[in-house]
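Subject: Structure for you to look at

Hello,

Here is the structure I promised. Please open it beside this email, and my notes follow below.

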Amino acid sequence: MYCKYSMSVQKTEPIDIQDLLSIIATKTAYYPRQSRTGWKSRCPAHDDTTPSLSISVGFDEKILFKCFSGCTYKDICDS
Ligand SMILES: [Zn+2]
């Protein structure tokens, strides 16, 4: 369900990051916290008890997910 956010968007179309964050908050019962590089959240793809998912916006305006427990991008998309 998150995969739509991975697609490159037009420069004129703002990324609805707040929408994405609220979806993740609903799934994980944890509202993502803003960090130096983006946001930190619980990972929806595994049973996460600490915020191990990093969310950031890349230079090309793609949303990037990085789970420190090793979930792949596809795992997160499929969750
Ligand atoms: Zn994970």
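**The sheet**

Arg-33 stands opposite Lys-40 in E2. That pair belongs to the junction of E1 and E2, which run antiparallel and are joined by two bridges. Please keep in mind throughout that this is a predicted model.

Now the overall layout. The protein has two helices and four strands. Along the sequence they come in the pattern α-β-β-β-β-α. The four strands make an open sheet, ordered E1-E2-E3-E4, with antiparallel pairing. E1 and E4 are the edge strands, and each pairs on one side only.

Moving across the sheet, E2 and E3 come next. Three bridges join them, again in the antiparallel sense. E3 and E4 are also antiparallel, and they pair over five bridges. Ser-54 has Lys-66 in E4 as its bridge partner. Ile-55 has Phe-65 in E4 as its partner. On the E2 side, the bridge partner of Trp-39 in E3 is Ile-55. Ile-55 therefore appears in both of these pairs, with Trp-39 as one partner and Phe-65 as the other.E3 and E4 form a hairpin with five residues between them. Glu-61 sits in the turn, with a positive phi of about 70 degrees.

**Trp-39**

Trp-39 lies in strand E2, residues 39-41. Is Trp-39 partly exposed or buried? Trp-39 counts as partly exposed, because 19 C-beta neighbours lie inside 10 Å, and burial takes 20 or more. Leaving out residues up to four places away in sequence, Trp-39 touches Leu-21, Pro-32, Arg-33, Gln-34 and Ile-55. Among these, Ile-55 is also the bridge partner of Trp-39 in E3. The C-alpha atoms of Trp-39 and Ser-56 are separated by 6.4 Å, although the two residues are 17 apart along the chain.

**The core**

Which residues make up the largest nonpolar core? There are nine: Cys-43, Ala-45, Leu-53, Ile-55, Ile-63, Phe-65, Cys-67, Cys-71 and Ile-76. Strand E3 (53-57) and strand E4 (63-67) each supply at least two residues of this core. E4 gives the most, with three. In soluble globular proteins, nonpolar side chains tend to be buried together.

E4 has two faces. Ile-63, Phe-65 and Cys-67 are on the covered one. Leu-64 and Lys-66 are on the uncovered one. Lys-66, on that uncovered face, is the residue that pairs with Ser-54.

Leu-53 is another core residue. Beyond four places in sequence, Leu-53 touches Lys-40, Ser-41, Arg-42, Cys-43, Phe-65 and Cys-67. Cys-43, Phe-65 and Cys-67 are also in the core.

Two totals for the protein. Of its 79 residues, 20% count as buried. Of the contacts with a separation of 6 or more, 31% are between residues 24 or more positions apart.

**H1 and Ala-29**

Helix H1 covers residues 17-28. At 1.5 Å a residue, its 12 residues should span 16 Å. The end C-alpha atoms are 16 Å apart, which agrees.

Ala-29 follows H1. Ala-29 is found in the loop between H1 and strand E1 (33-34). Its phi is positive, at about 60 degrees, although Ala-29 is not a glycine. Most residues other than glycine have a negative phi. Ala-29 is exposed, because 7 other C-beta atoms lie within 10 Å, and the limit for exposed is 12 or fewer.

**Confidence**

How far does the prediction trust itself? The protein averages a pLDDT of 82. At least 70 is reached by 81% of the residues. Residues 7-12 are where pLDDT stays under 50. For that stretch, the model has five contacts beyond four places in sequence.

Best wishes

How values were computed
Residues numbered from 1 in each chain as written. Predicted model: local features only at pLDDT ≥ 70, side-chain atom pairs only at ≥ 80, totals over all residues. Expected span 1.5 Å × (residues − 1). Core = buried A, V, L, I, M, F, W, Y, C linked by C-beta atoms within 7 Å. Contact = placed C-beta atoms within 7 Å. Pairing = 2+ DSSP bridges. pLDDT = per-residue confidence, 0-100.
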